[in-house]
Amino acid sequence: MRTYSQAERCLLLLYALPDEGKPLPERLYRKLFEAFRSLSPQTGNADGQVDIPTLLELGAAQWEAEEILSRLERETLLEPFLRNLHDLGIQVVTRISPEYPRRLRETLGDRAPLILYCLGNTGLFAKECISLVGSRKLLPLGRDFSRRAGREIARQGYTYCSGGALGADTEGFQAADSQGGTAVLFLADALVSQGKRELYKKALEEKRLLLVSEHGWDIPFSTARAYSRNRLIHAMGQKVLVAQSDAGFGGTWQGTVENLKAKWSPCFVSTELREHPGTKALLEQGCSPVSTEELMNLKGLEPSQTSLF
């Protein structure tokens with residue numbers, strides 16, 4: 001089991017260790033980190049204290065300050081918590097951990113998760129990813145594009161990134177996996193149960209796969225989680241390929257439009273379904289077109305200049 005720094009342990013106590021109280025606002029993180037530095041022996045102030053007056057000065061409300069100190073006092077619970085996760089094969093990575101994906105931290109800023117629960121090879125966080133998103137219910141051309149995209153992502157040496165959902169996500173993953181490719185999947189489902197699926201078994205054993213959740217390791221699927229993790233898929237990819245989307249609604253639409261506004265990564269929508277309402281709508285929103293043939297040179301894909309945002 002890895003050793004965590006004192007600053008990492010503070011984050012784990014505040015945001016990872018199960019608690020019945022109110023969730024702590026993540027807005028406190030940056031200011032709190034400055035306070036937590038005084039707890040680290042490396043600073044030369046091993047006797048440093050974080051107390052309620054200090055936290056109030058940093059902008060915490062009274063209840064937040066009291067909750068923070070209460071959570072920091074649960075140090076004896078942290079080791080059994082981490083040991084239990086280790087026994088399940090799950091690693092906990094904080095935003096200040098060395099293995100945390102640099103691209104998420106730099107692209108999302110304060111919207112990057114403070115905690116990531118990981119099952120698999122965390123070294124894949126450092127790889128250059130291309131993401132694939134798309135509908136769960138694919139038309140034949142959408143399915144064909146997803147498979148071709150997955151194969152080409154792997155063949156050209158990129159790491160496949162997606163959400164592990166039915167439809168485009170799974171079609172693309174299976175295609176990348178068939179080529180011996182690597183993958184990072186941001187899930188909206190329980191890590192433990194997903195990690196036992198036959199679909200992922202070989203890739204996990206060969207250290208070619210990383211399953212990730214930002215909302216715990218045993219929380220079942222929810223639509224809210226699916227929508228939330230879309231930003232991670234889009235931000236992680238150097239480029240994002242959209243196999244198929246509904247027009248104006250659904251997770252694929254929501255995540256792609258949010259990306260187009262925030263400009264996390266260039267988005268390319270498949271033109272194989274050029275008359276599909278979703279394709280037309282995304283092109284109007286500023287998504288760049290991409291054909292199946294153009295997938296042969298992913299490095300050379302360049303976004304078009306037109307954008308509404």
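How many helices and strands make up the secondary structure of the protein? In this predicted model, the secondary structure consists of 13 helices and nine strands.

The overall dimensions can be taken up next. Along the principal axes, the C-alpha atoms of the protein fill a box of roughly 65 × 45 × 30 Å. The radius of gyration is 21 Å, which agrees with the value near 19 Å that a compact globule of 309 residues would have. Among the contacts with a separation of 6 or more, 72% are made by residues that stand 24 or more positions apart in the sequence.

Turning from the whole to its interior and surface, 52% of the 309 residues count as buried, while the protein exposes about 14300 Å², of which carbon and sulfur atoms supply 51%. The protein carries 38 positive and 38 negative charges, and the mean positions of these two sets are 5 Å apart.

In soluble globular proteins, nonpolar side chains tend to be buried together. Here the largest nonpolar core has 56 residues, and the members that touch the most others are Tyr117, Phe173, Leu185 and Leu241. Helix 1, which spans residues 6-15, gives the most to this core, contributing six residues. Apart from this core lies another one, of 31 residues, which includes Cys118, Trp253, Trp264 and Leu282.

Leu185 shows in detail what surrounds one of those members of the largest core. When its neighbours within four places in sequence are left aside, Leu185 is in contact with Tyr160, Ser162, Gly164 and Phe173, and also with Tyr200, Leu209, Leu210, Leu211 and Val212. Phe173, a contact of Leu185, is itself among the residues that touch the most other members of the core.

Conventions:
Residues are numbered from 1 along each chain as its sequence is written. This is a predicted model: local features need pLDDT of at least 70, side-chain atom pairs count only at pLDDT 80 or more; totals for chains, interfaces and linings use all residues. Side-chain values use heavy atoms; hydrogens and water are left out. Helices (H or I, at least four residues) and strands (E, at least two) are DSSP runs, numbered from the N terminus. The radius of gyration is taken over C-alpha atoms; the globule rule is 2.2 Å times the number of residues to the power 0.38. Buried means under 20% relative accessible area, exposed over 50%, partly exposed in between (1.4 Å probe, protein chains only). Contact means heavy atoms within 4.5 Å. Accessible areas come from the Shrake-Rupley method with a 1.4 Å probe; for residues, only the protein chains shown count as cover. Lys and Arg count as positive and Asp and Glu as negative; His and the chain ends are not counted. The place of a charge is taken as NZ of Lys, CZ of Arg, CG of Asp or CD of Glu. A nonpolar core is a set of buried Ala, Val, Leu, Ile, Met, Phe, Trp, Tyr and Cys residues joined through side-chain atoms within 4.5 Å.
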